[in-house]
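Trainee: Could you take me through the reasoning behind the labels we use here?
Mentor: Gladly, let's open the model and begin.

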Amino acid sequence: MSSSFGGSSLLLCDGAKDGFVRVRKRDLEKLTTEVMQLREFLPKVVNGDLIDMLHKTRVTKTVKEHLTQEQEHLKQECLHLQSRLEVLQIECQREREEKLLLREQLWQSGAELQQQADYCFSLGSAVCSLLWNCSTSEDMVKQWLADGSLPAFLTVATQTLGSFVRTLDEDVKSRSEDYNTQEYQFVLALAGTITNIAAVTSGRDFLSGSAHDLLDTLIKLLELMKPGAFPKLKVLMLMGLYNASISVKGLKYIIENPALLPLIWTLLEDRSWEVCLHSLRLLQSVLLEDVAQPRLGAALQDSDLQAHISRFTSSAQPALRLLAQQTLADLQVLMQAQGCQQKKQ
C-alpha cells in the first residue's frame, strides 16, 4: 500500500488490525500543543494540598500496616496469655483443693489435739487433786523436799499458772466462778498444793529462799485477774503469799515487790468478800513485822487506806468485820510507835 505525503494528512500505523489511521496535520499540531500546555500547567493544577493529601495517604497506609502488624502481635500475645491463664486456673484449682484438704486435716488435727489436751487436763486435775490432798500432810511435804522432787514441781506449777492466766482472753479474765473447766480445776489444785506447801515450815522456808519466781508469778497473776474473776483461785494465791510471809525471808522478799501494796488495794475492791478477807490477812501480816515498817511505813499510814479498811468494819461477814477491826488497831499501834520514834529523834 502506498500513500501521498504532499497532502494535508498523515498515515499512522494502528497495528496489524486496520493498518493505518489518517490524521490531519493540523489536529496533530493541536494535540502536540495541548500536551505541552498540560505539561506546563499540570504542576499548577495539582496544588500542595493534593500533594500533602497523597503524602498523608501514604503515611496512613504505612501506619495502618504497622497497626495491623501490632494487632497481630497483640493477638498472638493475647493467645499466649490466655493459654497461661488456663494453666494458672488449673493450678489454682488444684491448690484450692489441696488447701481444702489441708484445712480438713488441720481441723482433724486440732480436734485430736483438743481431745489430747482435755485428757491431759483431766489427768492433771486428778493427779493434782491427789497432790493437794497429800500436801495437807506435813510429813509428805518434808518427803518431797528430801527426795528433791519439789523444785521440779514448783517450776512446772509456776509455768502452768502463768500460762493459764496469760492465755485467757479479756472476756474470760473478767468472769466469775462459772468458768469451770478441767484446766481450771487443774490450776486450782496446783494453787492449793502450793498453799499447803507454804503452810509447812520447811516448805515455807524453801519457797522463801528458792522459789522467788513463784512468788513473783503469784503477785503478777493476781494483778492480771480483774475484780470479781476467779475468787477461789485468788484466795488460794493470797493464802500462799500469806503463808510465805510468815517466814522472815519470805516477807523480806515480798515487800520488795513494788506491786504488793497497790495489789492489795485493788483486791480490797473485789466483789468477793473472801478475796477481801485474805487481802486483809496479807496486809496484817505485813503490818505485824518490824522488817516491813521501814519499807512500807509511809504507805501504811495513808488515811485513804484506813478509810478503805473501815468500810469492812460494818460487813455482814463476821470474819471480815473482825479482821478489819484488828487491822485498824494494828495500824493505830504502828502510827503511835512511829510517832514516838520521831519524838525521840
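Trainee: What makes the contact of the K142 and E138 side chains a salt bridge?
Mentor: A salt bridge needs a side-chain nitrogen of Lys or Arg within 4 Å of a carboxyl oxygen of Asp or Glu. K142 and E138 meet at 3.5 Å, N to O, so the pair fits that definition. Bear in mind that this is a predicted model, where local features need pLDDT of at least 70, side-chain atom pairs count only at pLDDT 80 or more, and totals for chains, interfaces and linings use all residues. Residues are numbered from 1 along each chain as its sequence is written, and side-chain values use heavy atoms, with hydrogens and water left out.

Trainee: Where do K142 and E138 sit relative to each other in helix α4?
Mentor: They are 4 residues apart in α4 (residues 138-146), about one helical turn. Helices here are DSSP runs of H or I, at least four residues, numbered from the N terminus.

Trainee: Why is K142 called partly exposed?
Mentor: Its relative accessibility is 41%. Buried means under 20% relative accessible area and exposed over 50%, with partly exposed in between (1.4 Å probe, protein chains only), so K142 is partly exposed. E138, at 40%, is also partly exposed.

Trainee: Which residue does K234 pair with in a salt bridge?
Mentor: D270, at 2.7 Å, N to O. That pair links distant parts of the chain, with K234 in helix α10 and D270 in the loop between α12 and α13, 36 residues apart.

Trainee: Is K234 buried or exposed?
Mentor: K234 has 0% relative accessibility, so it counts as buried. D270, at 7%, counts as buried too.

Methods. Helices (H or I, at least four residues) and strands (E, at least two) are DSSP runs, numbered from the N terminus.
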